[in-house]
Amino acid sequence: MSSAATLPVVPVDVANSLPLDDHDLFVLRRVDQSLSNAIEARLWWKERDASRNFTHQFNLIQSFNRPMRGTGFFDSAYINGTPMELMGVMQEMLYDRADTGATAILPTIRDELAEFIGKYFMRITDFRSPEAAVDDRLSESSASASPFSWCSRSTPNWQGFGYSQLYYKLKESGLMGKFAEDVRYAIVDIRELGKTFEWIVMKVRLFNFNISFQPLGPGSPVLNFPLNEETYVILHKDFIVNIDKAGEKYFCEYGFGYGLLQIDR
């Protein structure tokens with residue numbers, strides 16, 4: 001009980017918080033320093049991104065007749081007084097075009113884009129291929145019910161990123177809590193950061209992340225090693241872009257980022 005008393009916990013009747021165990025406390029104690037480092041790194045990034053003046057810069061993607069480009073870089077910076085080696089990637093691509101070029105439709109597109117980025121994007125970044133998504137439980141039960149079932153018995157091929165929200169800190173009271181299981185994947189509207197929430201800790205899982213080897217050279221059998229890659233990240237208002245008004249370069253600008261939660265035992 002003495003260790004739990006070091007962190008304020010949201011009462012269950014206030015935000016339906018789950019109890020915090022030792023692992024939860026271990027993670028939460030590392031949020032402040034990791035968040036400070038991430039904010040400092042973002043300030044460095046904004047400076048360098050404006051000039052695109054990185055120490056080592058190289059192309060990652062070469063495309064023809066498509067508005068897409070990718071650039072990688074290596075650099076170093078002092079983050080909170082500590083030297084740190086950095087690497088990153090800048091990728092730009094066209095997501096969609098409006099059906100008409102009329103400026104009258106831009107406010108509608110802006111409102112739809114703001115809702116999509118703020119409320120829905122992080123909920124749908126994981127998907128299954130091919131195009132159809134089915135209920136896993138339904139397909140499994142149907143397949144097992146009859147040996148002649150047309151339902152596939154194979155495991156769906158998940159791709160993309162899977163986000164789940166774990167912990168939060170309330171803006172007004174500063175109380176910390178743990179998201180209930182039934183809202184673990186119902187990612188909150190990220191525009192609530194800085195209003196309702198001071199920060200949110202999430203877990204990001206990278207699906208279909210495999211390392212392949214061909215020890216005997218091209219054309220030989222491939223050894224495929226799937227990796228269960230998961231990372232803790234921190235969402236904060238300083239990483240959210242929510243600009244409705246037109247500027248010199250863009251009609252509007254929306255986006256989000258997050259800081260890496262460094263957990264060293």
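**Figure 1. Salt bridges of the predicted model.** The structure holds 8 salt bridges. The coordinates come from a predicted model. Side chains of opposite charge can pair when their charged atoms come close. Three of these pairs are shown in Figures 2 to 4.

**Figure 2. R110 pairs with D111 in a salt bridge.** The closest N and O atoms are 3.5 Å apart. R110 is partly exposed, at 21% relative accessibility. That value sits just outside the buried class, because buried means under 20% relative accessible area. D111 is also partly exposed. Its relative accessible area is 45%.

**Figure 3. R184 and E181 form a salt bridge through their side chains.** The N to O distance is 3.5 Å. Here the two partners fall into separate burial classes: R184 is buried, whereas E181 is exposed. R184 has 10% relative accessibility. E181 has a relative accessible area of 57%. E181 counts as exposed because its 57% passes the limit of over 50%.

**Figure 4. A salt-bridge network links E115, D189 and R191.** Within this group, the side chains of D189 and R191 meet in a salt bridge. Their N to O distance is 2.7 Å. D189 is buried. R191 is buried as well. E115 belongs to the network along with these two residues.

**Figure 5. An open sheet holds 3 strands in the order β1-β2-β3.** The pairing is antiparallel. β1 and β3 stand at the edges. Each edge strand has a single partner, so one side of each is left without a neighbour in the sheet. Neighbouring strands are turned by 20 degrees against each other on average, with direction ignored.

**Figure 6. Strand β1 runs antiparallel to strand β2.** β2 spans residues 68-79. The two strands are joined by 5 bridges. In this pairing, N59 stands opposite T71, a residue of β2. I61 also lies in β1. At 30% relative accessibility, I61 is partly exposed.

**Figure 7. Six side chains make a nonpolar surface patch: F58, L60, I61, F74, M87 and V89.** Together they have about 570 Å² of accessible area. Two elements, β1 (56-61) and β3 (82-93), give two or more residues each. The largest share comes from β1, with 3 residues. I61 is one of the patch members, and its strand is β1.

**Figure 8. Helix α3 lies across β2 and β3.** The helix covers residues 31-51. It runs at about 125 degrees to β2. Both strands belong to the open sheet with the order β1-β2-β3. β3 is an edge strand of that sheet.

**Figure 9. N37 sits in helix α3.** Is N37 buried or exposed? N37 is buried, with a relative accessible area of 13%. This places N37 in the buried class because 13% is under the 20% limit. Which residues does N37 contact, leaving aside its neighbours within four places in sequence? The contacts are I79, N80 and Q262. I79 falls within the span of β2, residues 68-79. The helix that carries N37 lies across this strand.

Note on methods. Residues numbered from 1 in each chain as written. Predicted model: local features only at pLDDT ≥ 70, side-chain atom pairs only at ≥ 80, totals over all residues. Heavy atoms only, no water. Salt bridge = Lys/Arg side-chain N within 4 Å of Asp/Glu carboxyl O. Buried < 20%, exposed > 50% of the residue type's maximum accessible area, 1.4 Å probe, protein only. Patch = residues over 30% accessible without salt bridge, like charges linked within 9 Å, V, L, I, M, F, W, Y side chains within 5 Å. Areas by Shrake-Rupley, 256 points an atom, 1.4 Å probe, with all protein chains shown as cover. Helix = DSSP H or I, 4+ residues; strand = E, 2+ residues; numbered from the N terminus. Contact = heavy atoms within 4.5 Å. Pairing = 2+ DSSP bridges. Axes fitted to C-alpha atoms, helices over the stretch in contact; angles between N-to-C directions.
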